[in-house]
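Q: Could you take me through one part of this model up close, the stretch around a packed pair of helices, and then show me how the rest fits around it? Keep it informal, please.

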Amino acid sequence: MKIMPCPLNGPRNISEFVCGGDVKEMPNPESCSDLEWANYVFIHKNPAGVVDEWWCHTPTAYWFVARRNTVTEEILETFTAQQYFGASQGEPA
Amino acid sequence: MPFTLIKNGLKNNASDIVDFPRQPDLKSSYDVIIVGAGGHGCAAAYYLARDWGIKNVCVIDKGYLGGGNTARNTAIIRSNYLTAEGVAFYKESMDLFKELDRELDINLMYSERGHLTLAHNDASIRTSRWRAEVNKQLGVDSELLYTDDVARVCPQLNVSQDVRYPILGALYHPPGAIARHDAVAWGYARDAIRMGAEVHQKTPVTDVIVEGGRVKGIQTDKGPVYADKVLQAVAGSSSLLAGMAGLELPIRTIPLQACVSQPYKPILDTIIVSGSLHIYVSQSSRGEFVMGGSTDPYPLYSTRSTLDFKEGLMSHMLELFPFLSEARIMRQWAGMADMSPDFSPIMGLTPIENYYIDAGWGTWGFKATPVSGKRMAECVATNKQPALLEPFRLSRFDNFTLTAEKGAASVGH
């Protein structure tokens, strides 16, 4: 059993979580081209190594960021959105 | 049935045929380099030589022949897909498969078993009917069965309505088959080598040489190798290799786990799949129950196995086959599946000139081995996207014309 250290709920079984994909910057849908939007929607970095991803603890619907190694399957660190993006941009923790 | 088997069986001293002669040293250039010595890569080398006379071909792999997902799938072959594009494509593959053991003169143990995709709710019944009608229109043998007919086709199934997920019906695909997956890669590789190709195993590709938007060759641990054309067919490593060429792909690498039981006497002839329960099971010619489930819940470059997977798989499987409760698992493994957003492959031309891709094979690659080899060979030889591969071109993601193949693998999405 893999344990995910959730910033809100503490260490929980990873089966309680869903992976929401890479943390990436959303282009402005009003001004970006169709191709930029398509790349944002479909293209994945899919690295063999360290990746920052959105994860959600489904029972509490709590979203946070986890830094994970996709080769060793280690969860290196987890962050609240506020910690990750800084107080100016993040949602309240 | 390959005739050499009979011929050698009747001889006193059957001659030793060397299937895989020692390969010459890696040359400094070839006409075509194929990265990935799995079923797809070897098939492409075979059809390049057979159909297009291109024999100065190097198949290169960091591992060994057929050691990746070719050896890790559950060997199911079927063509009962949902979209017209998908059905046409997989039907051609199945037609090629049926003649393949004679053509390659190797025993593929191609065995038509009948394939049941179980439906446990109204939505699945509806999809099954839809798939059956699409299939029939396109000449593929498929029909929707209700519970009593399901029980007639597969009397081993527990069709009791007094379970957590009762069986309401099934999509029945009589030509559904299994085959010996390793032999597919071996047969293609052997005949490709006979016609002049080289297969270099244990040779990692460290970079792809691209100059002025055109591919020039690859870097390996044994030095650079130049080629007019390069084809990548590397499944779970697709993003990494494409990254070396400067391409970003709409692919995530997610493990798909499977396992086999100890061997038992033949008892289950049909192939049973349930999308709702995330399981598929068949009994191999060796007597092992081959069992698989859904893909792992998150991306990973690893072939480890987990207890979670087996718990989830077994709980549902025992509901369908209570008699397996005493069966023991003998082996477990995983493959790294290159999942695409629309559960369809990504094949053909790329933005890099003379660089071709055969990827996005997720959980549905084995059954497409012959057709992908044949059509990728056509693509490489003609430098044009074959009509059959048009729906699967990489550029479909740029303009949102996805294939939406919900009939892909029956599990995990």
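A: First, a naming rule: helices (H or I, at least four residues) and strands (E, at least two) are DSSP runs, numbered from the N terminus. Bear in mind that this is a predicted model, where local features need pLDDT of at least 70, side-chain atom pairs count only at pLDDT 80 or more, and totals for chains, interfaces and linings use all residues. Residues are numbered from 1 along each chain as its sequence is written, while chains are lettered from A and ligands numbered from 1 in the order in which they are written.

Now the helix pair. Two packed helices are described by the angle between their axes and the distance between the axes. In chain B, α3 (residues 84-104) packs against α9 (residues 369-382) at about 105 degrees, with the axes 7 Å apart. Axes here are lines fitted to C-alpha atoms, for helices over the stretch in contact, and angles run from 0 to 180 degrees between N-to-C directions. That angle makes α3(B) roughly perpendicular to α9(B); the label covers 65 to 115 degrees, with under 35 called roughly parallel, over 145 roughly antiparallel and the rest oblique.

Who does the touching? From α3(B) come Phe89(B), Glu92(B), Ser93(B), Leu96(B), Phe97(B) and Leu100(B), and from α9(B) come Pro370(B), Val371(B) and Lys374(B). Contact means C-beta atoms, placed from the backbone, within 7 Å. By class, this contact has six nonpolar, one polar and two charged residues. Nonpolar covers Ala, Val, Leu, Ile, Met, Phe, Trp, Tyr, Cys and Pro; charged covers Asp, Glu, Lys and Arg; the others, Gly among them, are polar.

Past each helix there's a backbone detail to look at. Asp105(B) lies in the loop between α3 and β4 of chain B, and its phi is near 55 degrees, a positive value in a residue other than glycine. Asp105(B) counts as partly exposed because it has 15 C-beta neighbours inside 10 Å. The scale for that is buried at 20 or more other C-beta atoms within 10 Å, exposed at 12 or fewer, and partly exposed in between, with C-beta atoms placed from the backbone. In the segment after α9 of chain B you'll find Phe400(B). Phe400(B) also has a positive phi, near 60 degrees, and isn't glycine; with 11 other C-beta atoms within 10 Å, Phe400(B) is exposed.

Follow that loop from α3(B) on to β4(B) and you reach a sheet. It's open, with three strands in the order β3-β8-β4 (chain B) and antiparallel pairing; strands pair if DSSP finds at least two bridges between them. β3 (76-77) and β4 (111-112) of chain B each have a single partner strand, so one side of each is left without a neighbour in the sheet. Two bridges join β3(B) to β8 (residues 177-178) of chain B, and Ile76(B) stands opposite Ile178(B) there.

For the interior, Ile33(B), Ala45(B) and Val57(B) touch the most other members of the largest nonpolar core, which has 121 residues. Such a core is a set of buried Ala, Val, Leu, Ile, Met, Phe, Trp, Tyr and Cys residues joined through C-beta atoms within 7 Å.

Finally, the other chain: 14 residues of chain A are in contact with 19 residues of chain B. On the chain A side, α1(A) gives the most, with three residues.

Conventions: Two residues are in contact if their C-beta atoms, placed from the backbone, lie within 7 Å.
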